[in-house]
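Biologist: I am new to this structure and would like a close look at a single part of it, the surface patches and the helices that carry them. Could you take me through that part slowly, in one connected account?

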Amino acid sequence: MLFQKKVDRAMDYAHQSGGHDPEKEQEEREEDIRKEVEKGDTLAMIVSALLVILPVAVVALLLLALFGALPLLLG
């Protein structure tokens, strides 16, 4: 690499100074989210997801069943 010595020094400095730790940052983000989500919010999110996803899934299943039965109906 062209600037290998500089890269090595920068990596050593970052490691010694306690630089970027992705696992620690992820844990902190998860803790922040848990603090912001209230007790009833989880149930509300599940219900709203079901209200959005279920109608689309039912329509898709009905269309698949209709196309599957189409040869029998026209047969």
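Modeller: A residue is called exposed when its relative accessible area is over 50%, buried when that value is under 20%, and partly exposed in between. This is a predicted model, and with those limits in mind we can begin at the end of a helix. G75, which lies in the segment after α3, has a relative accessible area of 92% and is therefore exposed. Measuring from C-alpha to C-alpha, G75 is 49 Å away in space from T42, a residue 33 places from it in sequence.

Helix α3 itself covers residues 41-74, and L74 belongs to it. Because its relative accessibility is 70%, L74 counts as exposed. L74 is also one of the residues of a nonpolar surface patch of about 730 Å², which it makes together with V59, L63, L66, F67, L70 and L73. As a help in reading such a list, an α-helix has 3.6 residues a turn, so residues three or four places apart point the same way.

A patch of another kind, a negative one, is formed on the surface by E23, E27, E28, E31, D32 and E36. Helix α2 runs over residues 22-36 and includes E36, and E23 lies in helix α2 as well. E23 counts as exposed because its relative accessibility is 61%, and E36 counts as exposed because its relative accessibility is 66%. From E23 to G40, which are 17 residues apart along the chain, the separation between C-alpha atoms is 28 Å.

Helix α1, residues 4-16, completes the account: at 1.5 Å a residue its 13 residues should span 18 Å, and this agrees with its end C-alpha atoms, which are 18 Å apart. Helix α1 is hardly covered, since the count of buried residues among its 13 residues is 0.

Conventions
Residues numbered from 1 in each chain as written. Predicted model: local features only at pLDDT ≥ 70, side-chain atom pairs only at ≥ 80, totals over all residues. Heavy atoms only, no water. Patch = residues over 30% accessible without salt bridge, like charges linked within 9 Å, V, L, I, M, F, W, Y side chains within 5 Å. Areas by Shrake-Rupley, 256 points an atom, 1.4 Å probe, with all protein chains shown as cover. Salt bridge = Lys/Arg side-chain N within 4 Å of Asp/Glu carboxyl O. Lys, Arg positive; Asp, Glu negative; His and termini not counted. Charge placed at Lys NZ, Arg CZ, Asp CG, Glu CD. Helix = DSSP H or I, 4+ residues; strand = E, 2+ residues; numbered from the N terminus. Buried < 20%, exposed > 50% of the residue type's maximum accessible area, 1.4 Å probe, protein only. Expected span 1.5 Å × (residues − 1).
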